[in-house]
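Please open the model in your viewer and keep the sequence panel beside it, since this tour moves from one selection to the next.

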Amino acid sequence: MSSKLINGKEIGSQIRKSIAKEIEDLIEKGITPGLAVILVGEDPASQTYVANKEKACHELGIYSELIKLPAETSEEELLGHIEKLNSNPAIDGILVQLPLPKHINEQHVIEAISSDKDVDGFHPVSVGKMLLGQPTFLPCTPNGVMELLKYSNIDVAGKHAVVVGRSHIVGVPMGQLLLQKDATVTYCHSKTPDLQAMTKQADILVVAVGRAKMIKSTHIKEGAVVIDVGMNRDENGKLCGDVDFDDVLDKVSAITPVPGGVGPMTITMLMVNTLLSAKMKLA
Ligand code: NDP
């Protein structure tokens with residue numbers, strides 16, 4: 001059973017080890033990669049994500065700067081902070097933790113970040129380059145999924161990949177990255193009339209919806225690879241994915257657990273992007 005598990009914690013730690021040496025070499029050359037994280041408000045989940053990002057920076061020797069702003073911060077004020085970070089040479093990556101309070105326009109904020117420091121890969125310039133297959137900052141979660149597949153020797157070429165969810169940060173880029181690796185991609189979303197008919201065709205099923213345990217064994221083809229991006233709380237308050245892990249386990253050939261699957265990869269890929277940005281100073 002355990003051989004079916006795609007262990008994101010383990011793969012993430014392997015990748016971090018491999019970039020730790022590169023970071024050390026860069027620091028010796030006088031370049032310390034720097035990441036600035038802006039957190040607006042007191043959302044507990046966001047606070048945890050931000051703390052984990054800071055911890056990862058610390059472990060790798062990446063300089064990190066946390067800017068904590070109150071929930072009532074105006075959009076203008078937030079844009080002012082971004083502007084300063086854009087021109088701060090010690091900062092290679094800028095991340096504004098989402099979601100933002102309702103009175104702030106997320107798109108304005110994303111577009112205010114210099115595309116050279118867009119380590120989240122959400123800026124329209126990064127998105128456009130990703131779609132064109134040009135080198136750029138790839139969004140951390142879908143890029144992390146691609147790494148999980150690569151490290152698990154799962155070849156996506158020629159496979160039918162079904163992506164459930166079409167958010168700009170996970171679902172849409174996920175399908176594009178799979179397409180670039182020659183998968184045949186189907187997107188599903190809340191208006192898909194017969195979800196099960198679609199998911200049952202998947203050789204590789206990626207689920208990014210945000211509904212606890214919605215994918216059951218009846219949604220899955222025998223031998224499918226299942227990637228569960230969802231992070232939810234079940235009826236007992238326990239962290240769980242969008243896939244009913246216990247229900248599907250016998251049917252799948254490989255699966256990411258929640259926690260310990262996709263989650264650790266997201267932060268790892270953020271570190272990779274920050275290093276990538278800092279390395280541009282060598283050019
Ligand atoms: P969004 O809420 O932005 O998007 C959810 C998507 O799911 C939408 O495209 C929506 O369709 C679709 N959807 C909703 N209900 C259904 C349904 N019944 N059937 C099929 N599709 C449906 O979520 P995110 O993409 O931001 O996140 C998805 C999940 O992934 C969440 O649990 C989140 O916490 C988690 N996540 C985990 C990360 C990690 O590091 N592990 C990182 C980022 C997110 P429509 O577009 O039609 O509304």
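Which residue stands opposite Val225 in E7? Select Ile204, and you have the residue that stands opposite Val225. Before going further, note that this is a predicted model, in which local features need pLDDT of at least 70 and side-chain atom pairs count only at pLDDT 80 or more, while totals for chains, interfaces and linings use all residues. Residues are numbered from 1 along each chain as its sequence is written, and side-chain values use heavy atoms, with hydrogens and water left out.

**The sheet**

Now extend the selection to strand E6 (residues 204–207) and strand E7 (residues 225–228), which run parallel and are joined by 4 bridges; helices (H or I, at least four residues) and strands (E, at least two) are DSSP runs, numbered from the N terminus. Widen the view to the open sheet of 5 strands, whose order is E5-E4-E6-E7-E10 and whose pairing is parallel, where two strands pair if DSSP finds at least two bridges between them. At the edges stand strand E5 (184–188) and strand E10 (254–255), each with a single partner strand, so one side of each has no neighbour in the sheet.

**The loops**

Next select Asp182, in the loop between helix H7 (171–180) and E5, which has a positive phi of about 75 degrees although it is not a glycine. Asp182 is exposed, with a relative accessible area of 53%, whereas Lys213, in the loop between E6 and E7, is partly exposed at 27%; buried means under 20%, exposed over 50%, and partly exposed in between (1.4 Å probe, protein chains only). The phi of Lys213 is also positive, near 50 degrees.

Move on to Pro259, in the loop between E10 and H10, and look at the peptide bond from Val258 to Pro259, which is cis, with omega near 0 degrees.

**The ligand**

Finally, select the ligand and the 21 residues around it, of which Arg166, Ser167, Ser190, Arg211 and Thr266 come nearest (a residue is near if one of its heavy atoms lies within 4 Å). Helix H10 (residues 262–279) gives the largest share of this shell, 3 residues. Three side chains deserve a distance label: a polar side-chain atom of Ser190 lies 2.5 Å from a ligand oxygen atom, an N or O atom in the side chain of Arg166 is 2.8 Å from one, and a polar side-chain atom of Thr266 is 2.7 Å from one (a polar contact is a pair of N or O atoms within 3.5 Å).

How values were computed. A polar contact is a pair of N or O atoms within 3.5 Å; within protein, one must be able to donate a hydrogen and the other to accept it, and residues adjacent in sequence count only if both atoms are side-chain atoms.
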